[in-house]
Amino acid sequence: MDWVTFDTEGGGLLKVRATHVVAIYNELGSVKLSTVAGGVHTLAAGTTVGQAAIMVGDVTPE
């Protein structure tokens, strides 16, 4: 499957299918990722929008 794993702000992990990512954006200095299910997740400090986008884009769909 086309899963991507991110570290989150709270110290946990977020595993999401790349095809379910709707947006990756910076909101007041925090990088956030939203999904088709309506979830919005804050990624770990130090993660940039560009890094997250590359991670999602590098996944090869099955």
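In the predicted model, threonine 35 is in contact with Val16, His20, Val22 and His41 once its neighbours within four places in sequence are left aside. This residue belongs to strand β4, which spans residues 30-35. Threonine 35 has a relative accessible area of 13% and is therefore classed as buried, the cut-off for that class being under 20%.

Alanine 52 offers a second buried position, located in helix α1, which comprises residues 49-57. Its relative accessibility is 0%, and alanine 52 therefore counts as buried. When the neighbours within four places in sequence are set aside, the contacts of alanine 52 are with Phe6, Ile24, Leu43 and Thr47. Of these partners, isoleucine 24 was also examined by its C-alpha position: although 28 residues separate isoleucine 24 from alanine 52 in sequence, the C-alpha to C-alpha distance between the two is 7.3 Å.

Aspartate 58 lies in the segment after α1. With a relative accessible area of 61%, aspartate 58 is exposed, because the exposed class begins over 50%. The C-alpha atom of aspartate 58 is separated by 9.2 Å from that of alanine 18, a residue that stands 40 residues away along the chain.

Charged side chains were considered next. A search of the whole structure returns two salt bridges. One of them joins the side chains of aspartate 2 and arginine 17, with an N to O distance of 2.8 Å. This pair links distant parts of the chain, since aspartate 2 is placed in the segment before β1 (3-7) and arginine 17 in strand β2 (residues 13-17), the two being 15 residues apart. As regards accessibility, aspartate 2 counts as buried at 3%, whereas arginine 17, with a relative accessible area of 25%, is partly exposed. The value for arginine 17 falls between the cut-offs of 20% and 50%, which means that the residue is assigned to the intermediate class.

The other salt bridge is formed by the side chains of lysine 32 and glutamate 27, for which the N to O distance is 2.8 Å. Lysine 32 has a relative accessibility of 17% and so counts as buried, while glutamate 27, at 39%, counts as partly exposed. In each of the two salt bridges, then, a buried residue is paired with a partly exposed one: aspartate 2 is buried and arginine 17 partly exposed, just as lysine 32 is buried and glutamate 27 partly exposed.

Methods:
Residues are numbered from 1 along each chain as its sequence is written. This is a predicted model: local features need pLDDT of at least 70, side-chain atom pairs count only at pLDDT 80 or more; totals for chains, interfaces and linings use all residues. Side-chain values use heavy atoms; hydrogens and water are left out. Helices (H or I, at least four residues) and strands (E, at least two) are DSSP runs, numbered from the N terminus. Buried means under 20% relative accessible area, exposed over 50%, partly exposed in between (1.4 Å probe, protein chains only). Contact means heavy atoms within 4.5 Å. A salt bridge is a side-chain nitrogen of Lys or Arg within 4 Å of a carboxyl oxygen of Asp or Glu.
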